[in-house]
Amino acid sequence: MLILVFTDLDGSLLDHADYSYEGARPALERIAREGWALVFVTSKTRSEVEHLQRRMGIDGPFVVENGAAAFFPSSLTGLDIPEAKQDGSYRAVVFGRPYDEVRRFVEEMRGEYGLRGFGDMEAREIAELTDLPLEDAERARRREFTEPFLMAEPERLQDMKRDAAARGLAITTGGRLYHLMSAEQSKGRAVRKVQEILAGSGPKPVVSLGLGDSPNDKEMLQVVDRPIVIPRPDGRVMDVGRDDVVIAPEPGSRGWSSALLDVVSGLSS
Ligand SMILES: [Mg+2]
C-alpha cells in the first residue's frame, strides 16, 4: 500500500511556538523507512519549503501559499502531469494568481480596513510577528501568489471578504495571520490534484492521510481518506464536518506523530 501524507506545517508538523519538528521524529522515521510520500501543504512560500525540506533531508512534491501551486521535482519521473509548466527544476501546477495582482487589493483597501501585509513589512517586522528567525522571515517575504496580512479591525472581516470576492479573491485564516489569495485556489483543490497525480503513478492501492490545525486546512481534510486534526495550543479543535476525524492527543509535532502512527497501524491491521 502506498500512503500519501498531506500535512500542514505551522501548528501541525511544526510546533506553534518555535517551529520545531523534533516531536515528530518517530512518524518521520516510519514514513522514510516505508517510502511513503510526505507532501507539505502550507501557507509558506516555495523558498521556505525548499529550505525546510533540505534541513529535514527530504524531497518530493509540495504545495505552497495555501494551495496556490503544487511543485513536482523534475527528478520525479513516471508522473503524468499534462497541465504542468516547467519552472526551474520543477514541474508546477498553478491555481493561484500572480502576487502583484493580489497585492494590489491590499494597497487599495489599506485605508478602508487598516491593512498591513508582508509586502509592507521589512523581514525584521515579519520575524517579530511570526517568531521566525530573520533568515526564515526573508524567505517568507519571497511571495509568488498570496499576501499574509494583519487587520486593524478584525470585526470587519466579513465586509472585507465581500470586497475581496467581488475581485475574485478570498481570505483564509491561518495560525497567526489572515491570507489574501485567489478565490480559485485552496489547499483542498491542490491536494485533490496531487492525490490524482501520485495515485496515477503506480499499481499499488493508495490511502491518503491529511493533518492540519486551522480553518485553512479544512478543505484539505475533507478530500483525504483519513483526516487528522491537530489541537491548537489553547486546546481548541477545529471542526472539519466529518465524523471519521481523528483528533491528535496533543498539539504540534508530538500530537502529529502519535496520531499518524495510530492511524497507519489501523490501516495495516
Ligand atoms: Mg497550521
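**Figure 1. The magnesium site in this predicted model.** Welcome to the metal centre, where D8 (OD), D10 (O) and D213 (OD) coordinate the magnesium ion at 2.2 Å. Along the sequence, these donor residues follow the spacing D-x1-D-x202-D. D8 sits in the loop between β1 (2–7) and α1 (25–34), while D213 belongs to the loop between β11 (206–212) and α8 (218–223), so the pair ties together parts that are 205 residues apart in sequence. With a relative accessible area of 5%, D8 is buried. D213 is buried too, at a relative accessible area of 3%.

**Figure 2. A salt bridge at the metal ligand D213.** Besides serving as a donor to the magnesium ion, D213 forms a salt bridge with R232, and their closest N and O atoms are 2.5 Å apart. This pair links distant parts of the chain, 19 residues apart: R232 lies in the loop between β12 (226–229) and β13 (246–247), and D213 in the loop between β11 and α8. Both R232 and D213 are buried.

**Figure 3. The E147–R103 pair and its network.** Here the side chains of E147 and R103 meet in a salt bridge, with 2.6 Å from N to O. E147 is part of strand β8 (residues 147–151) and R103 is part of helix α3 (residues 99–113), so the pair ties together parts that are 44 residues apart in sequence. Both E147 and R103 are buried. What joins R103, E107, R110, D120 and E147 into one network? The link is made by salt bridges that share partners.

**Figure 4. The R25–E22 salt bridge.** This view shows another of the 27 salt bridges in the structure. The side chains of R25 and E22 meet at 2.9 Å, N to O. Is R25 buried or partly exposed? R25 counts as partly exposed, at 36% relative accessibility. E22 is likewise partly exposed, with a relative accessible area of 46%.

**Figure 5. The cavity between the two domains.** The structure holds one cavity of 30 Å³ or more, and about 290 Å³ of space lies in the largest cavity. Its lining is made up of 24 residues, and D10, S43, R176, L177 and H179 lie nearest the centre. D10 is a familiar face here, as it also coordinates the magnesium ion through O. By residue class, the lining divides into six nonpolar, ten polar and eight charged. Where does this cavity lie with respect to the domains? Domain 1 (2–95 + 186–268) and domain 2 (99–182) both give residues to the lining, so the cavity lies between them.

Conventions:
Residues are numbered from 1 along each chain as its sequence is written. This is a predicted model: local features need pLDDT of at least 70, side-chain atom pairs count only at pLDDT 80 or more; totals for chains, interfaces and linings use all residues. Side-chain values use heavy atoms; hydrogens and water are left out. On a 1 Å grid over the protein atoms alone, a cavity is a set of points where a 1.4 Å probe fits but cannot get out, and a pocket is an open set with protein on both sides within 12 Å along at least five of seven lines; lining residues have an atom within 4 Å of a point. Grid points are joined across faces, edges and corners, and a volume is the space filled by probe spheres set on the points. Ala, Val, Leu, Ile, Met, Phe, Trp, Tyr, Cys and Pro count as nonpolar, Asp, Glu, Lys and Arg as charged, and the others, Gly among them, as polar. Domain bounds come from an automatic or database domain assignment. Donors are N, O and S atoms within 2.8 Å of the metal (3.2 Å for Na, K and Ca); water is not among the atoms, so sites may look incomplete. Helices (H or I, at least four residues) and strands (E, at least two) are DSSP runs, numbered from the N terminus. Buried means under 20% relative accessible area, exposed over 50%, partly exposed in between (1.4 Å probe, protein chains only). A salt bridge is a side-chain nitrogen of Lys or Arg within 4 Å of a carboxyl oxygen of Asp or Glu.
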